[in-house]
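Work through the exercises below with the sequence and the 3D structure at hand, and try each task before reading its solution.

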Amino acid sequence: MYDEQHRHQEWLKFLRAVEDVVPAGKQIHMIVDNYSTHKHEKVKRWLSRHPRFHMHFTPTSSSWLNMVERFFRDLTQNRLRRGVFRSVEELILAIDDYIGRHNENPKPFIWTARASDILEKVKRARRTFHNTHSV
(Lines give C-alpha, C1' and ligand atoms only; values in the text may rest on other atoms or scores of the structure.)
Protein backbone atom coordinates (compact mmCIF):
# COMPACT_ATOMS: atom_id res chain seq x y z
CA MET A 1 0.00 0.00 0.00
CA TYR A 2 1.25 3.46 -0.86
CA ASP A 3 1.93 5.72 2.12
CA GLU A 4 0.33 9.08 1.34
CA GLN A 5 2.36 10.82 4.02
CA HIS A 6 5.56 10.37 2.03
CA ARG A 7 4.48 12.01 -1.23
CA HIS A 8 6.24 15.22 -0.29
CA GLN A 9 9.46 13.20 -0.02
CA GLU A 10 9.08 12.09 -3.65
CA TRP A 11 8.43 15.69 -4.70
CA LEU A 12 11.58 16.79 -2.86
CA LYS A 13 13.52 14.01 -4.61
CA PHE A 14 12.25 15.35 -7.95
CA LEU A 15 13.19 18.93 -7.03
CA ARG A 16 16.69 17.79 -6.08
CA ALA A 17 17.02 15.97 -9.41
CA VAL A 18 16.04 19.18 -11.24
CA GLU A 19 18.52 21.12 -9.11
CA ASP A 20 21.28 18.68 -10.09
CA VAL A 21 20.76 18.89 -13.86
CA VAL A 22 19.93 22.57 -14.39
CA PRO A 23 23.13 24.63 -14.72
CA ALA A 24 23.98 26.87 -11.78
CA GLY A 25 22.85 30.43 -12.28
CA LYS A 26 19.74 29.47 -14.27
CA GLN A 27 16.38 30.35 -12.79
CA ILE A 28 13.88 27.49 -12.56
CA HIS A 29 10.19 28.22 -13.04
CA MET A 30 7.78 25.38 -12.29
CA ILE A 31 4.07 25.38 -13.01
CA VAL A 32 2.29 23.06 -10.59
CA ASP A 33 -1.19 22.45 -9.30
CA ASN A 34 -2.34 23.16 -5.75
CA TYR A 35 -1.80 19.61 -4.57
CA SER A 36 -0.86 19.64 -0.88
CA THR A 37 2.42 17.85 -1.63
CA HIS A 38 3.65 20.92 -3.50
CA LYS A 39 2.94 23.09 -0.44
CA HIS A 40 4.13 20.74 2.30
CA GLU A 41 6.08 22.45 5.10
CA LYS A 42 9.29 20.56 4.27
CA VAL A 43 8.92 21.54 0.61
CA LYS A 44 8.47 25.19 1.60
CA ARG A 45 11.62 25.04 3.70
CA TRP A 46 13.60 23.43 0.86
CA LEU A 47 12.37 26.06 -1.60
CA SER A 48 13.32 28.87 0.79
CA ARG A 49 16.91 27.56 0.69
CA HIS A 50 16.82 27.34 -3.14
CA PRO A 51 15.72 30.80 -4.30
CA ARG A 52 16.28 30.08 -8.00
CA PHE A 53 13.14 27.91 -7.89
CA HIS A 54 10.00 29.89 -8.68
CA MET A 55 6.73 28.06 -8.13
CA HIS A 56 3.69 29.12 -10.14
CA PHE A 57 0.45 27.50 -9.00
CA THR A 58 -2.44 26.91 -11.36
CA PRO A 59 -5.77 28.24 -10.09
CA THR A 60 -7.89 25.86 -8.04
CA SER A 61 -10.45 23.95 -10.15
CA SER A 62 -8.56 24.51 -13.38
CA SER A 63 -7.53 20.97 -14.25
CA TRP A 64 -8.35 21.82 -17.86
CA LEU A 65 -5.11 23.86 -17.89
CA ASN A 66 -3.03 20.86 -16.91
CA MET A 67 -2.01 18.78 -19.93
CA VAL A 68 -1.37 15.73 -17.74
CA GLU A 69 -4.92 15.95 -16.39
CA ARG A 70 -6.22 16.19 -19.95
CA PHE A 71 -4.22 13.12 -20.95
CA PHE A 72 -5.56 11.16 -17.96
CA ARG A 73 -9.08 12.23 -18.90
CA ASP A 74 -8.58 10.94 -22.45
CA LEU A 75 -7.04 7.69 -21.18
CA THR A 76 -10.00 7.18 -18.88
CA GLN A 77 -12.63 8.00 -21.49
CA ASN A 78 -11.03 6.19 -24.42
CA ARG A 79 -9.59 3.09 -22.76
CA LEU A 80 -10.38 2.53 -19.10
CA ARG A 81 -13.97 3.59 -18.38
CA ARG A 82 -15.77 0.57 -19.87
CA GLY A 83 -12.82 -1.79 -19.70
CA VAL A 84 -12.82 -5.03 -17.77
CA PHE A 85 -9.53 -5.83 -16.08
CA ARG A 86 -9.18 -9.09 -14.20
CA SER A 87 -5.85 -8.17 -12.65
CA VAL A 88 -3.53 -5.25 -12.06
CA GLU A 89 -1.31 -6.69 -14.79
CA GLU A 90 -4.16 -6.48 -17.33
CA LEU A 91 -4.79 -2.87 -16.32
CA ILE A 92 -1.11 -2.01 -16.71
CA LEU A 93 -1.02 -3.68 -20.14
CA ALA A 94 -4.10 -1.71 -21.22
CA ILE A 95 -2.52 1.57 -20.11
CA ASP A 96 0.79 0.70 -21.80
CA ASP A 97 -1.06 -0.20 -25.00
CA TYR A 98 -2.97 3.09 -24.96
CA ILE A 99 0.21 5.09 -24.42
CA GLY A 100 1.98 3.17 -27.20
CA ARG A 101 -0.83 3.85 -29.67
CA HIS A 102 -1.03 7.47 -28.58
CA ASN A 103 2.70 7.91 -29.15
CA GLU A 104 2.63 6.34 -32.64
CA ASN A 105 0.97 9.46 -33.97
CA PRO A 106 1.58 12.25 -31.45
CA LYS A 107 -0.13 15.55 -32.02
CA PRO A 108 0.64 18.78 -30.22
CA PHE A 109 -2.21 20.27 -28.29
CA ILE A 110 -3.34 23.50 -29.87
CA TRP A 111 -5.47 25.87 -27.84
CA THR A 112 -8.46 26.97 -29.89
CA ALA A 113 -9.97 29.36 -27.37
CA ARG A 114 -8.84 32.95 -27.32
CA ALA A 115 -7.24 34.19 -24.11
CA SER A 116 -9.92 36.88 -23.78
CA ASP A 117 -12.67 34.21 -23.89
CA ILE A 118 -10.94 32.14 -21.22
CA LEU A 119 -10.43 35.16 -18.98
CA GLU A 120 -14.08 36.12 -19.37
CA LYS A 121 -15.15 32.63 -18.28
CA VAL A 122 -12.84 32.88 -15.28
CA LYS A 123 -14.39 36.24 -14.33
CA ARG A 124 -17.92 34.80 -14.62
CA ALA A 125 -16.98 31.76 -12.55
CA ARG A 126 -15.40 33.97 -9.91
CA ARG A 127 -18.50 36.18 -9.71
CA THR A 128 -20.71 33.10 -9.41
CA PHE A 129 -18.49 31.63 -6.72
CA HIS A 130 -18.46 34.84 -4.69
CA ASN A 131 -22.23 35.27 -5.07
CA THR A 132 -22.94 31.73 -3.84
CA HIS A 133 -20.34 31.77 -1.04
CA SER A 134 -20.84 35.23 0.41
CA VAL A 135 -22.54 35.62 3.76
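**Exercise 1.** Find how many aromatic pairs the structure holds, and decide how the pair of Trp46 and Phe53 is to be classed.

*Solution.* This is a predicted model, and it holds four aromatic pairs. A pair of aromatic rings is described by the distance of the centres and the angle of the planes. For Trp46 and Phe53, the first step is the distance, which is 5.0 Å between the ring centres and therefore within the 6.5 Å that a pair requires. The second step is the angle: the planes stand at 75 degrees, and because an angle over 60 degrees counts as edge-to-face, the pair is edge-to-face. As for their surroundings, both Trp46 and Phe53 are buried.

**Exercise 2.** Class the pair formed by Phe71 and Tyr98, and state for each of the two residues whether it is buried or partly exposed.

*Solution.* The ring centres of Phe71 and Tyr98 are 5.9 Å apart, with 55 degrees between the planes, and the pair is tilted. Next, locate the partners along the chain: Phe71 belongs to helix α3 (residues 67-80) and Tyr98 to helix α4 (residues 88-104), so that the pair links distant parts of the chain, 27 residues apart. For the last step, the cut-off is needed that buried means under 20% relative accessible area. Phe71, with a relative accessible area of 21%, is therefore partly exposed, whereas Tyr98, with 14%, is buried. Ring pairs also join Phe71 and Tyr98 with Phe72 into a cluster.

**Exercise 3.** Determine which residues lie closest to the centre of the largest pocket, and describe its lining by class.

*Solution.* Begin with the volume, since the largest pocket contains about 360 Å³ of space. It is lined by 14 residues, of which Pro59, Thr60, Val122, Ala125 and Arg126 are the closest to its centre. Sorted by class, the lining of this pocket consists of eight nonpolar, four polar and two charged residues.

**Exercise 4.** List the order of the elements in the protein chain, and work out how its spread compares with that of a compact globule.

*Solution.* The protein chain has five helices and two strands, which follow one another from the N terminus as α-β-α-β-α-α-α. To judge the spread, take the radius of gyration, which is 19 Å, and set it against the 14 Å that the globule rule gives for 135 residues; the value is well over the rule, so the chain is more spread out than a compact globule. Along the principal axes, its C-alpha atoms fill a box of roughly 45 × 45 × 35 Å, and buried residues make up 18% of the 135 residues.

Definitions and conventions: Residues are numbered from 1 along each chain as its sequence is written. This is a predicted model: local features need pLDDT of at least 70, side-chain atom pairs count only at pLDDT 80 or more; totals for chains, interfaces and linings use all residues. Side-chain values use heavy atoms; hydrogens and water are left out. Rings of Phe, Tyr and Trp (its six-membered ring) pair if their centres lie within 6.5 Å; planes under 30 degrees apart count as stacked, over 60 as edge-to-face and the rest as tilted. Buried means under 20% relative accessible area, exposed over 50%, partly exposed in between (1.4 Å probe, protein chains only). On a 1 Å grid over the protein atoms alone, a cavity is a set of points where a 1.4 Å probe fits but cannot get out, and a pocket is an open set with protein on both sides within 12 Å along at least five of seven lines; lining residues have an atom within 4 Å of a point. Grid points are joined across faces, edges and corners, and a volume is the space filled by probe spheres set on the points. Ala, Val, Leu, Ile, Met, Phe, Trp, Tyr, Cys and Pro count as nonpolar, Asp, Glu, Lys and Arg as charged, and the others, Gly among them, as polar. Helices (H or I, at least four residues) and strands (E, at least two) are DSSP runs, numbered from the N terminus. The radius of gyration is taken over C-alpha atoms; the globule rule is 2.2 Å times the number of residues to the power 0.38.
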